[in-house]
Structure formats: C-alpha cells, structure tokens
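This briefing covers one protein chain, shown below. Its topics are a sheet, a helix pair and the overall make-up of the chain.

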Amino acid sequence: MKSGTDWNDLAYFSAIARTGRLSRASEELGVSQATLSRRMKAFEATLGRRLFLHGAEGYALTGDGRALAEKTRDMELAARQITVWRDEADGPVCVRISAGTWTALDLAQRLSEYWTPEACWLPEFMYCDLDLDIARREVDIGIRNRRPDQPWVARQQVGSVDYVVYAAHEGVEGWIGPSWDAPLTPSIRWVLAHHADQIATKVNSPHLASTLAQAGIGRVVLPTFMGDRTTGLVRVSDPSEELRSAQWLVSHHDGRNEPPIRAALDAIGTYLASRS
C-alpha cells in the first residue's frame with residue numbers, strides 16, 4: 001500500500017511554486033537550496049509526475065505543477081489559520097498589511113488614529129508597489145488602487161484618492177522623472193506621457209522625488225493626503241481627473257473572518273474612509 005504524501009514536501013513545493021525560485025523559497029522556509037532541489041526531485045519521482053520546468057527564469061510550473069499548486073493553496077491557508085489560532089493564546093496577532101508608497105507611509109504616520117497597543121492585532125506593514133499575493137496569504141490585508149477581480153478576494157471600496165502636481169513654488173518648470181528601475185505607477189506613467197521632455201532629474205524612489213521637489217529641482221505628482229502636509233510643497237495644479245483612483249481594502253474571503261484580521265479591516269477601513 002502506498003504511504004501518504006509527506007506534508008513537508010507539499011509545503012516545500014508550495015513555496016517554490018509561489019515564489020518561482022529556489023533562492024526565495026529557501027529564505028522563506030529556512031531550508032538550503034540544495035535540500036529543496038533534492039527533495040523536489042525525489043517528490044516528482046514519488047508522484048511519477050513532472051512538476052517543474054527548470055530554466056534561467058527559475059522554476060516554472062508544468063500542467064501537473066499548476067494543478068497541484070491549486071490544491072496546496074488551501075493547505076497554505078489552513079496553515080496560516082492554525083498559526084493565527086496558536087498565536088492568539090500569546091497575545092496580539094500580527095496582521096500583515098501591504099500598500100503602495102504613500103498609503104503605507106500615511107498608515108505608519110497616523111497609526112495612533114486607528115490602533116492602540118491594547119488591540120487584538122499587531123500591524124506588520126509590508127510596503128510594495130506590486131500586489132503581494134493575498135490568495136497565498138503573503139499578506140492578510142491589501143490596499144489597492146483598482147478593484148480586484150480574483151474570486152477568492154473579499155473587497156470593500158473605502159473612498160478615493162486625488163492626485164495633484166506639487167512644487168516648491170509656482171516658478172518651478174522641470175519635472176522629477178523615474179529612473180530605469182523605478183516602479184511604473186499610474187502617476188509616473190502620467191508624467192512620462194505628458195512631460196517626458198521636461199524631466200530635470202530621475203529617481204527610483206517616490207520619497208527621493210518628493211525631497212527633490214522640496215529642493216526646487218522639479219515638479220512631482222503626489223496624492224493630496226500626503227502632498228498637502230509635506231512641508232515646502234505647494235499645489236501647482238488642480239486635482240487630476242485622469243489620475244483620481246478608487247481605494248480598495250482587500251483580504252482573503254476566509255481570512256477576513258479571523259478575529260484579528262476582522263478587527264484590523266474595520267479599523268483601517270474606517271480610517272481610510274474618513275481620510276477621503
């Protein structure tokens with residue numbers, strides 16, 4: 001009779017499938033790349049199925065690999081729920097929150113307006129201008145500038161964000177542009193589309209762009225909730241209808257019912273709605 005599948009092999013497979021690379025999975029799991037490689041080769045042999053295509057771009061999934069990854073998604077979700085259940089006995093549970101540059105900074109600066117140390121959850125901020133994977137619980141809560149369409153995601157619109165051009169004074173004519181490795185956010189794309197020939201300098205960080213604008217080097221596009229309270233910057237345009245975006249609070253359909261995540265969703269949602 002065949003023995004059951006090793007749970008560790010399933011966890012190792014799921015991490016590699018999600019990250020696409022041994023190096024990232026190794027860091028996440030605390031297991032050497034050599035061990036992961038060896039275990040996955042043995043795992044494929046045991047299953048009698050090829051799960052990965054190995055190449056320069058990392059570990060790409062085969063058809064069988066994609067099918068198994070769909071099944072292990074539920075396993076990772078269950079593991080996360082068990083972790084939360086275990087940690088609840090020891091005090092506040094970490095709730096991982098991802099947002100773009102300015103929303104993450106705003107949430108950090110105004111933390112005391114929606115959270116206290118007595119809460120049942122502990123905020124763990126994960127800044128990223130790319131959407132981290134809620135389905136696989138890389139994060140528990142995401143704040144997005146567009147409506148998510150994945151079936152496993154719970155979503156709630158919590159207001160909208162206006163964008164304005166800021167500068168040290170009205171006489172500034174140049175623009176701060178993106179360097180080659182900067183994330184192409186909607187505001188950056190707008191600058192490139194309308195003012196590419198007026199760029200005075202380039203940066204790969206929104207924070208540096210704001211600092212250069214304060215120094216009078218060029219103009220920058222910022223959300224009003226951040227630009228209006230940045231010392232040394234003034235509005236030099238009206239809010240852009242083209243850049244105005246809805247703000248969505250998203251979480252996993254199942255995860256949203258865990259008490260710490262539910263409490264965090266309610267607190268953050270109320271704060272963001274009042275900010276709009």
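In this predicted model, Ala167 has Val234 of strand E11 as its bridge partner. That bridge belongs to the pairing of E7 with E11, which is antiparallel and comprises two bridges. The points below take up the sheet that contains these strands, then a helix pair, then the chain as a whole.

**The three-stranded sheet**

- The strands are arranged in the order E10-E7-E11, forming an open sheet with antiparallel pairing.
- Strand E10 (220-223) and strand E11 (234-235) lie at the edges; each has a single partner strand, so one side of each has no neighbour in the sheet.
- Strand E7, residues 163-167, is joined to E10 by four bridges in the antiparallel sense.
- Within that pairing, Tyr163 has Pro223 of E10 as its bridge partner, while Val164 is opposite Leu222 of the same strand, E10.
- On the other pairing of E7, with E11, there are two bridges, and Ala167 is matched there with Val234.

**Burial of strand E7**

- Is E7 mostly covered or mostly uncovered? The strand is mostly covered, since five of its five residues are buried.
- Burial applies to both faces of E7: one side carries Tyr163, Val165 and Ala167, and the other carries Val164 and Tyr166.
- Tyr163 and Ala167, buried on one side of E7, have bridge partners in E10 and E11, respectively.

**Packing of helices H5 and H9**

- Two packed helices are described by the angle between their axes and the distance between the axes.
- For helix H5 (residues 101-109) and helix H9 (residues 259-275), the angle is about 110° and the axes are 12 Å apart.
- H5 is therefore roughly perpendicular to H9, as angles of 65 to 115 degrees are classed that way.
- Which residues meet where H5 and H9 are in contact? H5 contributes Thr103, Asp106 and Leu107, and H9 contributes Ile268, Tyr271, Leu272 and Arg275.
- By class, this contact of H5 with H9 has four nonpolar residues, one polar residue and two charged residues.

**The chain as a whole**

- Nine helices and 12 strands make up the secondary structure of the chain.
- The chain has 276 residues, of which 46% are buried.
- Among contacts with a separation of 6 or more, 73% are between residues 24 or more positions apart.
- The exposed area of the chain is about 14,700 Å², and carbon and sulfur atoms account for 52% of that area.

Note on methods:
Residues numbered from 1 in each chain as written. Predicted model: local features only at pLDDT ≥ 70, side-chain atom pairs only at ≥ 80, totals over all residues. Heavy atoms only, no water. Buried < 20%, exposed > 50% of the residue type's maximum accessible area, 1.4 Å probe, protein only. Contact = heavy atoms within 4.5 Å. Areas by Shrake-Rupley, 256 points an atom, 1.4 Å probe, with all protein chains shown as cover. Pairing = 2+ DSSP bridges. Axes fitted to C-alpha atoms, helices over the stretch in contact; angles between N-to-C directions. Parallel < 35°, antiparallel > 145°, perpendicular 65-115°, else oblique. Nonpolar A, V, L, I, M, F, W, Y, C, P; charged D, E, K, R; others polar.
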